[in-house]
Amino acid sequence: MTVFHFFNCAILTFGPHAVYYSATPLSEYDTLGTSVKAAVVYLATALVKLICLATFLKVSESDSFDPYQEFLKALIGFIDVAGLYFALTQLTHRNISQNHKFQAVGLGWAFADSVLHRLAPLWVGARGLEFTWDYILQGLEANANLVLSISLAALGSLMWLRKNKPKTLIPIIYLCAVIVATMPSTTSYLRRGLGWHLPKVVGFELFTSLVMAFISWQLFAACQRPSLMLAAIH
Amino acid sequence: MAMTPRKTRNREMLFDSVIALVFILVACVDLCDGATVVDVYRLIQYDMSGVPFGSRLASLNHHAASLHFSPHADLSRTVLLIPLRELNMSFVQEYIAASKPLGGLILLLPQMFSVENKGGVGSNHDDGSKELLKNVLDEVEQILIHTNLPDASFLQYPVYFAFEDENIDTVLLDIKKNDATGQPATATTGGYKFVVSATEPKKVGSPPITNIQGWLAGLKTDGDSHQLPTIAIVASYDTFGAAPALSVGSDSNGSGIVALLEVARLFSLLYSNPKTRGQYNLLFGLTSGGPYNYNGTRKWLQSFDQRLRESIDYAICLDSIGSWENELWIHVSKPPENAFIKQIMEDFSSVAEELGFQVNLKHKKINISNPRVAWEHEQFSRLRVTAATLSELSTPPELLERTGGLVDGRQFVNEAAIVRSVKLIAESLAKHIYGHQGKNVQIFADNSNLAVNPSYVRSWLDVLSRTPRVAPFLSKDDPFVTALKKELEDHTDEVNLQREVLDGMFTFYDSTTAKLNIYQVASVTFDLLLLLVLGSYLIVLFSFLVITTRGLDDLISLFRRPPSRKVKTA
């Protein structure tokens with residue numbers, strides 16, 4: 001019965017990644033290699049991040065929200081963006097379109113994140129006899145994270161790979177990228193600064209991720225068809 | 001085409017590594033702990049002459065229910081959590097005495113019986129309900145200890161005791177709410193699961209009993225001190241009860257131990273000065289094995305050499321002298337006309353009269369052929385040593401009755417009663433030793449430096465009321481035995497330990513305490529429902545993604561030609 005629960009939570013946590021891969025054209029163009037490479041880059045980035053965190057951050061005795069520490073954490077969080085930049089621009093991929101590239105990178109990124117951060121707690125906790133909602137919420141969080149990762153990758157590809165994008169959209173793209181990149185700090189603030197409970201935080205994450213995904217999608221579409229977008233603006 | 005085998009090999013390698021990772025995790029991680037962990041105390045398990053008694057099982061893993069179960073429910077896979085306040089005797093008759101099948105039983109005792117709870121401070125119950133609970137618990141304890149039926153002579157399910165506290169009260173409330181809906185908690189409805197992971201109880205090999213003996217030598221006039229007459233003061237110190245880890249026995253026989261130590265202290269003061277040292281040797285004995293027909297006392301007496309045994313004038317055994325009002329009993333085996341008995345009785349009743357209460361004599365002949373030894377002095381009498389037992393009980397207790405079980409807690413013992421008993425014993429002994437018979441002399445008067453020290457009595461009583469002392473579970477060098485020995489060493493000249501093994505007919509089993517893990521579990525129905533929801537979520541997600549990225553036609557064609565990829569690779 002408890003293994004059953006673990007199975008359920010694992011489906012919720014890792015299922016969407018697989019579904020995304022098989023439902024979108026990613027599977028048709030066989031972009032698994034790209035995703036795996038992105039995952040490896042994620043692992044390296046996570047290692048660098050850990051070293052930075054261990055070097056620059058004090059161990060907080062209390063669970064309170066310390067703005068200075070959180071600012072440092074947010075700065076260190078931008079290492080993620082650097083890693084994503086590396087994954088998007090420096091990795092040599094087989095000939096895949098930009099369209100698929102950012103999706104594959106975002107997917108690999110999010111999957112590696114889920115495996116690294118959620119698999120072990122899930123295995124330890126969800127198999128126990130005690131029932132809590134935590135692991136289901138954690139699975140939902142993984143979903144939000146997938147959407148956010150792909151959005152960030154999309155924005156990144158717009159920033160770094162697309163040369164001829166409408167000038168008016170550039171500030172919006174950068175703004176969105178900053179918002180998405182600082183999401184971990186935002187949720188940390190909500191949880192500890194404002195004392196929100198996990199269900200509320202996860203709900204917020206899901207909502208924001210969907211909004212950001214929609215905006216990113218619109219931006220991406222606008223950049224692909226600049227004339228149409230401009231027409232729409234006028 | 002050339003790509004395909006490499007691709008599959010890659011996939012296989014990935015798959016293998018994932019499996020390897022999973023196995024590593026399986027090896028590393030153990031099951032997690034429960035949300036609530038409660039200390040529980042197992043019902044005693046013992047054999048008497050090969051006949052099993054008590055609960056035979058220790059491990060528990062069942063759903064919980066309260067007393068409000070439906071009458072026809074099958075409870076063989078359910079743990080009942082029952083507070084003592086709600087226990088009714090019909091249930092006890094049905095499930096304990098008649099041993100109906102049950103998954104397990106956890107009896108919740110009020111905090112006032114807890115070992116940590118000193119003197120019932122903060123108890124908000126009036127004395128009436130306290131007494132009532134005490135009587136109920138006493139009755140249940142006796143039933144649990146003695147359950148013996150021809151077909152099922154023991155309980156086929158684990159029985160534990162626990163104490164009421166906030167955590168377990170909330171759990172109980174939830175369980176009751178669940179039971180009120182009419183459905184017993186099972187695998188399909190969720191609720192609480194109680195888990196005690198314990199190994200199979202093992203026999204305690206050769207249960208040890210340790211007798212402690214202190215010797216206070218009298219004043220030698222000429223020759224060997226062993227030629228002086230000896231008076232023995234004896235108390236048995238171990239206990240027996242339904243839950244060995246909770247058998248502290250404040251009255252039986254904590255009060256006796258305290259009185260003995262205080263008498264030893266008083267006489268050590270007298271004997272430290274040669275002017276006041278009496279011409280009697282004093283022998284203090286703290287014996288073990290009391291609940292088992294005073295087995296330790298018998299071994300102790302048998303170890304005496306003939307000269308010592310013959311030098312004993314008389315022995316006073318102390319048993320349960322901590323909760324009486326105005327009447328004590330002296331139990332003897334020799335007829336009251338016996339000169340020694342007359343002497344003892346005279347000493348005691350005259351002192352009692354001065355102190356304002358009554359001491360009665362009760363004569364009970366011993367029957368050598370009967371293995372039951374109801375009073376400690378009967379072991380002396382069997383070896384033809386004059387002896388008497390001072391006790392608040394007027395009738396001899398049955399086997400394993402009044403041996404310091406669950407109800408025998410600190411708050412039911414009256415310190416003042418012990419102090420008065422000590423005064424009685426010390427004064428009467430002094431009368432005998434210094435030959436003040438017939439004179440009105442108070443040696444241990446209040447406010448003198450020989451007065452009984454109530455704080456000494458209280459502190460020892462507190463220590464004893466926190467220390468479970470079931471002999472088979474006291475290790476060889478138990479700190480408690482060492483402490484008693486040390487205390488007696490302070491008051492006497494010479495202290496000896498006698499280590500023996502408890503005789504024959506009793507066998508004990510270990511694992512007296514355990515940790516109860518309480519898990520709130522979800523039902524299988526919930527998990528099935530969750531699986532359904534998740535499945536449909538993934539399907540919807542899949543359809544949504546296919547439609548947005550490839551179009552609706554692709555989705556439809558996917559269902560029309562499922563092996564589309566195979567077609568492509570071919």
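Here is a short walk through a helix pair in chain A and some charged pairs in chain B. This is a predicted model, where local features need pLDDT of at least 70 and side-chain atom pairs count only at pLDDT 80 or more. Residues are numbered from 1 along each chain as its sequence is written, and side-chain values use heavy atoms, leaving out hydrogens and water.

Let's start with confidence. The score called pLDDT is the predictor's confidence in each residue, from 0 to 100. Chain A has a mean pLDDT of 82, while chain B averages 83.

Now look at helix 5 and helix 6 of chain A (helices are DSSP runs of H or I, at least four residues, numbered from the N terminus). They pack at an angle of about 145°, with their axes 10 Å apart; axes are lines fitted to C-alpha atoms over the stretch in contact, and angles run from 0 to 180 degrees between N-to-C directions. Among the residues that meet (contact means heavy atoms within 4.5 Å) are A:Leu148 and A:Leu152 from helix 5 of chain A, and A:Ile173 and A:Val180 from helix 6 of chain A.

On to chain B and its salt bridges, each a side-chain nitrogen of Lys or Arg within 4 Å of a carboxyl oxygen of Asp or Glu. B:Lys176 pairs with B:Glu86, their closest N and O atoms being 2.8 Å apart. B:Lys176 sits in helix 4 of chain B and B:Glu86 in the loop between strand 5 and helix 2 of chain B, so this pair ties together parts 90 residues apart in sequence. B:Glu164 also forms a salt bridge, with B:Arg85.

Notes
Chains are lettered from A and ligands numbered from 1 in the order in which they are written. Helices (H or I, at least four residues) and strands (E, at least two) are DSSP runs, numbered from the N terminus.
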